[in-house]
Amino acid sequence: MILIAAAWISVLLLGGGLLLDRTLTGLVTRNFDEQLGYMLTAMVASAEIGPDGEVFFNRPLGDQRFLEPNSGLYWQISGRGHDDFPSRSLWDRSLAVRLDHFDSQPHVYDSDQFKGEKLRVMERSIILPGSDTKWWFTVAAAREEMDSQIRRIRSIVIWSFVVLGLGLMGMATLQTWYGLGPLRRVRRAIANMRSGGANRVTEPLPLEVQPMVEELNGLLAHVERQAEEARTHAGNLAHALKTPLTVVMNAATAKAPDLADTTIREAAVMRRQVDHHLARARAVGRRAVGHSRAVVWESAEAVVRSVARLYQEVRLDLDGDRHAAVSIERQDLDEILGNLIENAAKYGGGSVFVTVCAAGADPRFCEIWVEDDGLGIPEEERIRIFDRGARLDTGKPGTGLGLAIVRDVAEIYGGSVELDESEDLGGLLVKLRLPRAG
């Protein structure tokens, strides 16, 4: 920011300085030329033709420098076939005048005809009354005074712009340093968090950086939640594996005759618990990677085909929005729908109906209904059934983790799941709500 400010200040001051220099130099030069013009006009007004055809002044010119030799201010009148009529200040010199042209208007130019003395020359061609001769009236002045004024002006402009530029760069540096001060305070707050002094940026900061601080605090809260979830998952997994391992160790210590059966049964329980927690871990990881998207119909159709091959006696129907998409990874959506539809086929009475994005729901969410014609679940048991290992029908194989997985993964993605009674089939109705994809 400081370098960009310095570059722009330099460019603008350089451009402004050049423009101001040209303007002031032009003003000095025009003022100098106007003085020469006044003298030339006075010469023309005072000039007359004498009896001998030569030009003369009927009154002397007012500037005393015309009478001082080599004073730096000169005039001369020239005519073809006539001797030059010079000012005394020319002394033994004369102004070089071209007589092969006619200037009806004053013509000004610079000349180096005098060694060591640059001249500013103005000339004009006049035909005086009583004469047919073209006379060239010339006024010349040394440029030294004008050049000295221009040098003084340029020196003032340069030093003024240098001081102004340094002042502006200093102010830009201070402004940048002061403006970025809140970021340094944020950096110190982060360093304080890393050293263990705090877990949030709570220092009052300007409005310009407050959104960044809020996002940073939100990120820290998100990281804390993820760390807490990881600790919870690890603890839950350890607790879930503790009981099966204890059963196996007790059976092995007692050299129980059904040790092999016990080991196989408890190993299956442990594998299901591991699958459950891995599913949660995968869902958390995918959610943290970025925005996910899955088409519900494609996932539900694939699950229905798979379940139909396992339960060929069950009638499976699918209806609803074919294009609805939700913010969840396809693999996690397959696992959720697989658990719900397989449970409906396993515990229902032979009919399962799946509706994608049922009508009447919140437009921000897509509700997926899975209905069966089984016995359903009593209302007082609908909350407990989501606990890990909870089973109402122990006559069929399973570990009771399916609905727990569904609930955990849905909540990770900002959704929910609830149980109700199916009005059409009379059995259980599972309402799965997932946020729609943008």
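1. How many bridges join strand 13 to strand 14, and in which direction do these strands run relative to each other? In this predicted model, strand 13 and strand 14 (residues 428-435) are antiparallel and are joined by six bridges; on the strand 14 side, L428 is the bridge partner of E421.

2. Strands 13 and 14 belong to an open sheet of five strands with mixed pairing, whose order is 9-11-12-14-13. Strand 9 (315-320) and strand 13 (416-421) stand at the edges with a single partner strand each, so one side of each has no neighbour in the sheet. From one strand to the next, the twist averages 15°.

3. Helix 6 (residues 296-310) lies across strand 9, strand 11 and strand 12 (365-372) of this sheet, and the direction of helix 6 is at about 175° to that of strand 9.

4. Helix 7 (residues 330-347), with 18 residues, reaches 25 Å from its first C-alpha to its last, which is close to the 26 Å expected at 1.5 Å a residue. The buried residues of helix 7 include the hydrophobic-named positions L333, I336, L337, L340 and I341, and also D332, N339 and K346.

5. As to confidence, the protein averages a pLDDT of 84, and 91% of the residues score at least 70. Among its elements, strand 11 (residues 351-356) has the highest mean pLDDT, 93, whereas helix 5 (residues 259-289) has the lowest, 73. The pLDDT is below 50 over residues 388-400, a stretch that nevertheless has 30 contacts in the model beyond near neighbours in sequence.

Notes. Residues are numbered from 1 along each chain as its sequence is written. This is a predicted model: local features need pLDDT of at least 70, side-chain atom pairs count only at pLDDT 80 or more; totals for chains, interfaces and linings use all residues. Side-chain values use heavy atoms; hydrogens and water are left out. pLDDT is the predictor's confidence in each residue, from 0 to 100. Helices (H or I, at least four residues) and strands (E, at least two) are DSSP runs, numbered from the N terminus. Contact means heavy atoms within 4.5 Å. Two strands pair if DSSP finds at least two bridges between them. Axes are lines fitted to C-alpha atoms, for helices over the stretch in contact, and angles run from 0 to 180 degrees between N-to-C directions. The expected span of a helix is 1.5 Å times one less than its number of residues. Buried means under 20% relative accessible area, exposed over 50%, partly exposed in between (1.4 Å probe, protein chains only).
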